[in-house]
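Reader: Got a minute to go through this fold with me? I'd like to start with the strands and helices.

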Amino acid sequence: MILGFVGTGNISSDVITGICNSKIKFNKIYVSPRNKHKAQKLKKNFKKVFIARNNQDVIDKSDWICLGVLPEVGEKIIPKLNFRTKQVVVSFISTINHSKLKKIINKNVKIVRAIPMPPIALGRGPIVIFPPDRQVKNFFNKIGTTIEIKSEKLSQNFWATSGTMAAFYELLKVLSDWLVKKGLKRNQAQQYITSLYSALAELAVVSSKKDFNHFVAESQTPGGLNWQGVNQLRKSGYYKSLESTINNILKRLNKK
Ligand SMILES: NC(=O)c1ccc[n+]([C@@H]2O[C@H](COP(=O)([O-])OP(=O)(O)OC[C@H]3O[C@@H](n4cnc5c(N)ncnc54)[C@H](OP(=O)(O)O)[C@@H]3O)[C@@H](O)[C@H]2O)c1
């Protein structure tokens with residue numbers, strides 16, 4: 001199998017890194033020349049990665065094509081590309097829906113929308129796909145956990161929650177910066193925060209049959225530090241604001 005990537009940006013680089021470090025069987029990966037720096041880095045790091053001459057060259061050489069460009073770029077370039085019948089197109093593009101993709105690709109190809117996230121580079125994390133597809137599911141299950149969604153409208157909710165990734169890192173940054181301001185060394189602060197939050201998430205993963213109410217309740221004692229932390233943030237509207245932010249992201253997605 002030959003894989004192709006149109007748009008060699010952040011998420012394509014992460015997916016390619018995950019694939020090249022996994023047990024997925026493939027012959028070659030062709031990437032489009034943009035971004036030049038990222039394409040060259042991937043070629044240098046992985047011997048099965050090659051840089052195609054242009055976007056059409058990626059498509060001509062590949063069986064599966066991943067679309068990793070921004071929506072406005074996709075709308076401009078995809079209609080001009082010539083796909084072959086029976087190719088598999090996996091689109092990472094956030095706001096071009098399935099029916100629009102079908103229309104602008106205008107060929108009898110299999111189209112699956114996917115939401116890979118950066119930890120895919122480590123072979124971890126969720127990959128939501130729509131529509132469900134066994135082949136694509138099995139592929140992504142080798143570099144993460146595939147979640148198949150039957151309705152595109154429901155899959156939009158995952159796109160919305162995926163929009164909180166930077167906010168999550170901002171939370172870690174605020175906590176780490178606070179420790180530094182209090183006199184701790186940057187590396188100690190960062191080590192503490194990353195180790196704490198990754199372990200807490202790991203604990204929730206291994207006990208995933210229990211819902212999050214359990215973790216909220218179990219991690220506080222009345223009048224204790226965590227009780228103060230969660231209640232003060234609740235009172236300040238922190239979590240309400242998080243919910244309204246996700247609602248606004250969803251509104252934006254549904255407008256497209
Ligand atoms: N980042 C994530 O975590 C993530 C997760 C899931 C889905 N997505 C989706 O994946 C898509 C890409 O996101 P990204 O974060 O990877 O963005 P990105 O880093 O900006 O990557 C987009 C790439 O497209 C290239 N490009 C621009 N014009 C092009 C053209 N005409 N032909 C071919 N390539 C072109 C850009 O090259 P230049 O740098 O040279 O302009 C850039 O390398 C978006 O639709 C996003 O919503 C992202």
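Reader: What kind of unit do β4, helix α4 and β5 make?
Author: A right-handed β-α-β unit, with α4 covering residues 71-77. Keep in mind that this is a predicted model.

Reader: And where does the chain go from β5?
Author: From β5 the chain crosses through α5 to β6, in a β-α-β crossover that is right-handed.

Reader: How many bridges join β4 to β5?
Author: Four, and the two strands run parallel. Within that pairing, W64 has V88 in β5 as its bridge partner.

Reader: OK, and β5 with β6: how many bridges there?
Author: Four bridges join them, again with parallel strands. S91 is bridged to R113 in β6.

Reader: Which residues of β5 are buried?
Author: V88 and V90 on one side, V89 and S91 on the other, so to speak a strand with both faces covered. In general, side chains in a regular strand alternate between the two faces of the sheet.

Reader: Zooming out, what's the strand order in the sheet?
Author: The order is β3-β2-β1-β4-β5-β6-β7-β8, an open sheet of eight strands with mixed pairing. β3 (49-51) and β8 (145-148) are at the edges; each has a single partner strand, so one side of each has no neighbour in the sheet.

Reader: What's the average twist?
Author: 25° from one strand to the next.

Reader: Back to the β8 edge. In which sense do β7 and β8 pair?
Author: Parallel, over four bridges, with β7 spanning residues 126-130. One bridge there links V128 to I147 in β8.

Reader: Which strands does helix α5 lie across?
Author: β5 (88-91), β6 (110-115) and β7. The helix, residues 98-105, runs at about 135° to β6.

Reader: And α2, which strands does that one lie across?
Author: β2 (28-31) and β3. Helix α2 takes in residues 36-45 and runs at about 145° to β3.

Reader: Switching to helix packing: at what angle do α7 and α12 pack?
Author: About 125°, with their axes 9 Å apart. That makes α7 oblique to α12. For reference, α7 is residues 152-162 and α12 is residues 238-255.

Reader: Left-handed or right-handed crossing?
Author: Right-handed, as α7 passes α12.

Reader: Last one: which residues of α7 and α12 meet?
Author: On the α7 side, Q156, N157, W159, A160 and T161. They meet I246, I249, L250, L253 and N254 in α12.

How values were computed. Residues numbered from 1 in each chain as written. Predicted model: local features only at pLDDT ≥ 70, side-chain atom pairs only at ≥ 80, totals over all residues. Pairing = 2+ DSSP bridges. Axes fitted to C-alpha atoms, helices over the stretch in contact; angles between N-to-C directions. Contact = placed C-beta atoms within 7 Å. Buried ≥ 20, exposed ≤ 12 C-beta atoms within 10 Å, placed from the backbone. Right-handed = clockwise from strand over helix to strand, strands pointing away. Parallel < 35°, antiparallel > 145°, perpendicular 65-115°, else oblique. Left-handed = near helix turned anticlockwise from the far one by under 90°.
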